[in-house]
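Hi, here are my notes on this model, as a few numbered points to read beside the viewer. I hope they help you find your way around.

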Amino acid sequence: MDFLRQHQLDIMLVLMGICGITAFFVHITGTLSRKRKTALLFVEINSTVLLAADRLAYLYRGDTSELGYWMVRISNFLVYFMTLAILHAVNLYITDLMTTEGGRKEVPFRLNLSEDLIIAGVFMLVVSQFTGLYYTFDENNNYVRARFFLISYFFPTIVMFIQFMVLFQYRKSLRKLIRYPLMLFAIVPIIASILQIFTYGVSLINMSIVGMAVLLFVFALIDMNTSVKQAHRIEIDYLKRQQKSMRHLFEQTATALANAIDAKDKYTHGHSSRVAEYSRRIAELSGKSEEECDEVYFSALLHDVGKIGVPDRIINKEGKLTDEEFEAIKKHPEIGNNILSSISEYPYLSIGAHHHHERYDGKGYPDRLKGEDIPEIARIVAVADAYDAMTSRRSYRDSIPQSKVREEIIKGAGNQFDPVFANIMQHLIDLDQEYELRERGTGKFGDDDALYCIDYKDTVSDGVLVTPNKVKISLRFTPDEDNRYEGMAALLLFDSNDGRAYSEERKQKELHYFEYGEIMFDGRTTIAGARGMQTKTTRSEEKPEKKISGEKKDYTEYLIEAVRFRDHALVRIEGDGKVLEITIALPDSSRFLYLGLTGRYCSISDVRIEKSEEEIGEGYIQRIAEEISYINVPEGDVPNVQIDGYRTDATVGIPITGRLKLSFHSMSLPTANLIWHCPFITIFNSLDGKVRDEGCREFALIRIDGEYWEPDEAGKNEIFVNKRDDFEGWDSWKQKNKDGIDCTVTFTRKGNTITTITENMGIYVKNVTTITDDTEDIYAALTGDQVALTDIRIDTK
């Protein structure tokens with residue numbers, strides 16, 4: 001307390017400065033409402049005057065001059081008056097809060113009562129100036145408390161108490177940053193008033209009121225900033241929602257237009273959407289930004305919009321087009337450009353429509369652009385469009401197998417297609433192990449989503465791929481009314497290049513069709529190419545499904561679960577009160593396994609397919625035959641590896657530090673029939689030296705047939721491929737791979753540059769990989785597709 005007595009004048013001066021600055025900021029702030037701003041401005045100005053008056057009262061105390069006489073009297077009057085004025089301003093502030101944030105239409109009665117008390121307090125203050133009721137002055141011009149000085153505390157204290165009670169009652173309707181400073185403003189001066197009674201000569205009340213006034217502004221400002229930020233965030237969220245909504249509307253409109261275009265031709269249903277999706281994936285793998293990928297997507301989605309101007313009779317013509325009809329078809333890029341170029345907000349939309357039939361060699365149409373003169377979006381769409389056209393059915397042909405399409409894209413690279421985007425499309429095909437990149441038709445189901453079968457196997461649905469991830473198929477089986485007791489449903493187990501079943505010998509040979517066997521829903525099985533089938537029949541744990549009688553037909557609901565691990569598969573069929581579990585020993589681990597729905601004298605409807613994310617492991621399916629292995633031969637420096645599918649396995653990583661030579665024996669598996677069913681070389685970095693483990697970064701993927709891929713941006717590759725004089729052609733290449741070859745791959749590392757060289761059956765491959773970051777640990781590993789790698793030797797000399 002002695003400290004306060006000694007330094008209170010300096011403290012008052014500092015508080016005066018703070019109040020003055022605060023008043024200035026209140027005046028210039030634009031975040032407060034006018035009423036609240038006025039109230040706070042009054043609080044801060046009155047506080048400044050209060051402190052100035054209190055300080056002058058102390059400075060002129062005991063000064064018997066005429067100036068001292070008046071200064072002491074005026075300043076003491078202002079001290080009492082400004083205290084009431086501050087409370088009035090706070091009342092105005094609280095009133096505004098109650099009618100805005102508090103949601104009250106009328107001002108609380110107690111606040112009006114406090115205003116009356118303030119007026120009464122002013123009246124009593126004026127009376128005290130003539131009666132000496134509150135204070136007097138002695139002969140030395142010193143301030144002296146009067147006998148009834150406590151009455152001067154009565155009015156401010158009661159007003160502050162009322163303010164506190166109002167704030168406490170409506171506290172839940174006020175934000176915390178406003179509520180608590182106001183409550184402190186009411187409580188702290190009351191406490192100071194009590195202390196002031198027993199402490200003479202220290203202006204506790206005045207300094208506490210001023211301190212709380214400053215605090216009130218600070219928290220009001222913080223609250224308003226928070227409110228502004230929140231409002232800004234709400235506005236941004238709203239704009240984002242609007243933008244998302246507009247984008248969704250735009251996407252729906254574009255998709256509807258694309259679907260309308262596709263609907264002109266019964267063989268192109270979904271074509272535009274598939275081309276758009278393939279184009280987006282090509283753009284993503286080429287390193288485009290999200291915005292650029294969106295532009296590619298929508299440009300591709302509307303690439304065929306010009307077909308609106310082509311007569312339906314030409315689009316839907318079954319036979320070969322005449323020269324005149326083909327010229328009419330060739331006009332659709334220009335028609336599409338005319339339609340879309342008017343959308344100035346999205347200038348990229350017309351690019352795909354206008355130029356997707358240009359060729360990289362300059363022999364396309366309509367403008368015969370060449371190379372990089374063709375807009376990049378159009379070069380991407382051209383590859384995606386050609387891929388989908390080849391993998392989709394047409395009036396004059398079935399869909400072309402994906403493997404054949406891949407070869408066509410390879411042939412077209414640098415001629416029809418930009419080689420960069422053709423290479424990316426090849427990589428997408430390689431990654432598409434479940435053949436998802438294709439036309440999704442009705443799978444030979446009828447218009448009412450039902451498969452109708454008369455003679456057994458005359459109609460088979462598109463195949464459902466079986467993988468280590470469980471697949472569930474639910475369906476409704478309805479026997480034919482006239483052949484009720486002969487009606488049956490069955491599963492056809494097969495493999496083919498396009499996932500469809502064929503009975504025609506030419507198609508079977510062309511598409512490498514292979515049949516494993518058949519499973520009838522009554523438990524009977526027929527074995528074709530499978531090594532064996534074992535059936536277990538149990539009663540269903542659930543109550544047998546009741547056959548529901550209708551006016552014409554009865555039906556039974558079935559649930560099928562299928563899963564595969566390497567060369568074994570498990571099919572579970574539940575329905576009609578029993579459960580069939582059929583274990584199938586496949587002839588190898590390389591072929592795909594498809595399930596096709598078929599039957600006799602029945603319909604199969606309400607088919608629903610669901611795939612599980614969880615992958616089974618070894619031991620889930622009980623073996624009924626020995627595993628087929630092509631690597632049971634002596635090992636070299638690292639374990640032999642059998643790769644049944646695209647990169648399903650790999651050798652351990654071998655560090656590349658200087659010079660490294662890998663020698664090994666390679667043999668394509670019996671199921672291999674494509675050029676790229678051969679060994680691959682990968683250059684990578686990982687924490688434990690294993691390919692595809694967590695944190696693995698691949699810098700190069702090189703096939704011994706000369707193709708490559710750059711998986712990581714940090715790896716820049718330059719490849720040189722030469723066909724030597726002893727190259728005998730790709731058919732001979734595939735046969736020699738099947739017979740088995742000895743391969744040698746050499747690596748030479750200088751800093752972060754690795755040169756890889758290999759020559760096999762007349763194909764010389766040299767690849768220079770430059771790693772652009774500071775990666776130190778670099779490994780090489782062998783992998784491939786449908787190939788067995790044995791007797792792997794390491795030489796670092």
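1. One cut-off first: a residue counts as buried when its relative accessible area is under 20%, and as exposed when over 50%, with partly exposed in between. Ser666, which lies in strand 18, is at 0% relative accessibility and therefore counts as buried. Leaving aside residues up to four places away in sequence, Ser666 touches Pro679, Asn737, Gly740, Ile741, Cys743, Val787, Ala788 and Leu789.

2. Please keep in mind that this is a predicted model. The chain has 797 residues, and 48% of them are buried. You will find 18 helices and 27 strands to scroll through. Of the contacts between residues at least 6 apart in sequence, 70% link residues at least 24 apart.

3. Now to the sheet that contains strand 18. Seven strands make up this open sheet, in the order 16-27-18-23-24-25-22, with antiparallel pairing. Strand 16 (641-643) and strand 22 (715-723) are at the edges; each has a single partner strand, so one side of each has no neighbour in the sheet. On average, neighbouring strands here are turned by 20° against each other, direction ignored.

4. Helix 18 (residues 730-739) packs on that sheet, where it touches strand 18 (659-668), strand 22, strand 23 (741-750), strand 24 (753-760) and strand 25. The direction of helix 18 makes about 95° with that of strand 18. At the strand 22 edge, nine bridges join strand 22 to strand 25 (residues 763-771), and the two run antiparallel. One pair to look up is Glu718, whose bridge partner in strand 25 is Val768.

5. Strand 6 (residues 488-495) is worth a stop too: eight of its eight residues are buried. Met488, Ala490, Leu492 and Phe494 point one way, while Ala489, Leu491, Leu493 and Asp495 point the other way. Which strands pair with strand 6? Strand 14 (residues 594-600) is joined to strand 6 by seven bridges and runs antiparallel to it, and strand 7 (residues 514-520) pairs with strand 6 over six bridges, also in the antiparallel sense. Leu493 takes part in both pairings: Leu595 stands opposite Leu493 in strand 14, and Gly517 is the bridge partner of Leu493 in strand 7.

6. Helix 16 (residues 419-431) reaches 18 Å from its first C-alpha to its last over 13 residues, close to the 18 Å expected at 1.5 Å a residue. Is helix 16 mostly covered or mostly open? Mostly covered, with 10 of its 13 residues buried. Among the buried ones are Phe421, Asn423, Gln426, His427 and Asp430. The cover includes helix 8 (271-285), helix 14 (376-390), helix 15 (402-412), strand 20 (697-703) and strand 21 (708-709). At the start of helix 16, Asp418 places a side-chain oxygen within 2.9 Å of the backbone nitrogen of Val420.

7. A last look at the cysteines: the structure holds zero disulfides. For Cys602, the nearest cysteine sulfur belongs to Cys453 and is 4.5 Å away, whereas a disulfide needs the two sulfur atoms within 2.5 Å. Cys602 counts as buried because its relative accessibility is 5%. Cys696, at 21% relative accessibility, counts as partly exposed.

Notes: Residues are numbered from 1 along each chain as its sequence is written. This is a predicted model: local features need pLDDT of at least 70, side-chain atom pairs count only at pLDDT 80 or more; totals for chains, interfaces and linings use all residues. Side-chain values use heavy atoms; hydrogens and water are left out. Helices (H or I, at least four residues) and strands (E, at least two) are DSSP runs, numbered from the N terminus. The expected span of a helix is 1.5 Å times one less than its number of residues. Buried means under 20% relative accessible area, exposed over 50%, partly exposed in between (1.4 Å probe, protein chains only). Contact means heavy atoms within 4.5 Å. A polar contact is a pair of N or O atoms within 3.5 Å; within protein, one must be able to donate a hydrogen and the other to accept it, and residues adjacent in sequence count only if both atoms are side-chain atoms. Two strands pair if DSSP finds at least two bridges between them. Axes are lines fitted to C-alpha atoms, for helices over the stretch in contact, and angles run from 0 to 180 degrees between N-to-C directions.
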